[in-house]
Amino acid sequence: MSTVPATPRRQAHESATPAATPQATRVGTSHIIQSSPHYQTTRRHSLYGTEDRIILDPGSRIWKVGFSGEGKPRDVFLAERESGISLWSLNRASKPEEREEEDRILEAKLQACLRSVFHDSLLTDPKSRKVILVEHPLLPLHIKEMMARVLFNNLQVPSISFASSHLLALLAAGRVTGLVLDCGHLETTVLPVFSFRPLYPHLRTTPLAGARLSSHIKALLLMFGTYIPPATSLSAAVNIPAASRSVRVPEDVLADKVIDEIKTRCCFVGEPIEDDSGGGGRASSPGGDGGSDLDLPRATPRSADAESVSFSSSAHAASSAYSVVSHSQLLGNSDADTARLGGERRVQALAMMYGRHSTATDIHMRVDPPPSQQTGTGRGTLIIPGWIRERAAEVLFEGGDVDESSVAEVILDCLLKVPVDLRKTLASSILVVGGTPMLPGFIPRLQAELVRTVTRTSSRSSPPSPPPPSTRSGRSRRAPPPLTGYNRYATLRPLLPFFAILNNPAPPLPASANAAANAGKAPAFTPATMAWVGGSLAGALKTGGVEVQRERWDEADAGAGAAAQSDDGDVLMDDSPPRPRAVAPSTPRSILPDWTRTPLPVGAPPAPRPAPAATASGPASPHPALHAQSVAG
């Protein structure tokens with residue numbers, strides 16, 4: 001007799017709720033944590049789990065922080081939230097006392113920033129989080145040591161991984177080989193990377209970056225901008241026209257926040273200016289003998305006293321680090337014309353040239369009045385000429401200086417230094433990152449400047465060639481071709497069809513298969529966050545740079561402290577010579593990765609030593625074995 005199968009029922013101890021996200025469960029009262037059946041580890045893989053690393057991209061001015069595995073930073077903030085200035089600069093104090101004071105102030109600021117990262121921006125416990133530090137290749141070692149000291153001694157993070165920003169940016173683009181240009185705030189750096197190996201000896205840099213652009217914008221606005229102060233009363237605001245109240249821009253109005261807002265919201269990069277003769281050189285400015293009638297652009301209304309602009313304070317502008325104009329921007333003039341044009345006429349010629357080739361409109365921007373004029377009603381108005389908005393970034397593309405190469409020239413200098421068989425591969429995989437390349441039109445202009453710089457020749461004309469000599473038959477020989485100007489990048493002209501920028505939003509028509517396969521094919525991440533996104537990807541893949549554990553740091557720090565105490569305690573009371581000391585233990589700075597101290601890769605074998613000099617017994621035989629054989633025979 002068969003029995004009817006019973007309906008399966010849930011056990012009484014099982015929960016009636018549906019299965020939720022897998023979590024770790026405890027068995028009884030023991031402290032053993034069972035692993036989830038969905039994961040192979042006992043730790044949770046949630047968004048706030050301990051496996052997610054902290055990605056820290058500290059810049060001299062702007063910091064980007066977040067968790068690994070995410071597509072964008074959690075927080076982007078100014079290091080100096082109130083003033084907006086840089087934490088450090090390219091120069092250090094020469095006197096030891098001043099340098100120690102600067103280091104103490106900098107360490108206090110870094111400690112405040114790092115505490116704000118964990119306690120305000122990310123809201124996480126630093127003791128359970130590994131940190132990936134996105135470092136610049138030229139980050140000073142003493143700043144790197146300060147950050148590690150604060151993270152290890154103050155916040156007690158488990159470990160710190162140091163990874164190159166150029167390498168991580170290339171990782172975010174999905175490439176292992178490329179030429180990475182990082183245009184930041186203090187400097188622009190180019191680093192070639194081949195097969196995920198940074199070629200640090202071929203690194204090139206230039207000070208033309210965001211800080212130089214900001215000072216250039218400020219200098220141009222002080223000379224050519226217009227400021228309309230607020231009216232002293234409501235009746236004056238209605239009766240007195242704004243044009244009659246316009247004055248030169250006071251320097252107090254152009255604060256750092258105002259310059260940053262102008263640079264990020266108003267400025268863009270225009271197309272290169274072609275000269276009137278149709279050549280490939282720079283545009284020739286109006287000058288020569290008829291340059292006395294040059295005036296400022298008509299788009300800037302001024303009062304009578306504002307028209308009489310005095311440019312005699314060029315020394316003051318130089319001392320204020322304001323770069324106004326470079327000599328290479330007037331390559332159309334001869335050397336005599338350039339020498340004859342003074343500072344005033346040169347700047348006026350530049351303004352006239354840019355105003356003639358610019359189609360951008362003027363912008364009226366509301367700004368806070370200076371402290372001496374805050375008795376009026378409302379805010380002042382800053383009139384930004386359109387040609388300044390479009391042509392202020394020309395300072396980044398004007399080269400010709402040995403110490404201040406342009407952004408395009410620093411790329412070409414790096415290509416000249418790399419091995420010849422890598423040039424084609426690197427030239428077709430250029431990646432542009434940083435905050436300054438986020439200006440609209442920057443990357444397409446850089447592509448055009450690379451081609452113009454390689455194909456351009458020197459502006460100096462060759463001397464006139466003598467008439468061709470006549471032969472006996474009366475026919476004259478064919479005159480030799482005219483001498484062209486020297487171009488140090490002429491050897492890179494075969495690479496013109498291969499130039500390609502990976503993140504170019506508007507790539508030109510490809511001239512080769514390599515350019516077609518690479519131009520504009522990078523993911524659409526903003527150039528400013530490419531390095532951070534690469535660090536996030538490296539943290540999710542459990543990879544990164546050189547990792548320094550906290551235990552190793554504590555041992556090195558304790559050894560350095562003991563060595564310092566022993567040095568202070570060893571005082572010789574007699575005139576006996578000092579005793580030899582044992583080898584000092586590793587210091588905290590010595591365990592930090594520093595590519596400048598790494599040994600060079602093994603290259604070609606050493607050159608053979610020269611033959612020994614002749615002695616008194618006679619000249620040395622060039623072949624000792626043959627000499628010995630002849631003596632034995």
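Me: Which residues of helix α1 are called buried, and what makes a residue count as buried?
Reply: In this predicted model, they are Leu106, Leu110, Cys113, Leu114, Ser116, Val117, Phe118 and Ser121. Buried means under 20% relative accessible area, while exposed means over 50% and partly exposed lies in between (1.4 Å probe, protein chains only). Numbering starts from 1 along each chain as its sequence is written, and side-chain values use heavy atoms, leaving out hydrogens and water. Because the model is predicted, local features need pLDDT of at least 70 and side-chain atom pairs count only at pLDDT 80 or more, whereas totals for chains, interfaces and linings use all residues.

Me: What do those buried residues of α1 pack against?
Reply: Their partners are the strands β3, β4, β5 (75–78) and β6, along with helix α2 (141–154). Contact here means heavy atoms within 4.5 Å.

Me: How do you know how far α1 reaches, set against the expected span?
Reply: Residues 96–121 make up α1, 26 in number, and the distance from the first C-alpha to the last is 36 Å. The expected span is 1.5 Å times one less than the number of residues, which comes to 38 Å for α1, and the value found is close to that. Just after the helix, Leu123 has a positive phi of about 55 degrees.

Me: What makes a stretch a helix or a strand, and how many of each does the protein chain have?
Reply: Both are DSSP runs numbered from the N terminus: helices are H or I with at least four residues, strands are E with at least two. By that rule the protein chain has 19 helices and 16 strands. As for burial, 42% of its 633 residues count as buried. Among contacts between residues at least 6 apart in sequence, 72% join residues at least 24 apart.

Me: How many disulfides does the structure have, and where does Cys267 stand?
Reply: The search of the whole structure finds 0. A disulfide is a pair of cysteine sulfur atoms within 2.5 Å. For Cys267 the nearest cysteine sulfur belongs to Cys266 and is 6.4 Å away, so by the cut-off Cys267 is in no disulfide.

Me: Why is Cys267 called buried?
Reply: Its relative accessible area is 8%, which is under the cut-off, so Cys267 is buried.

Me: And what makes Cys414 count as buried?
Reply: Cys414 has 0% relative accessibility, so the label buried fits there too.
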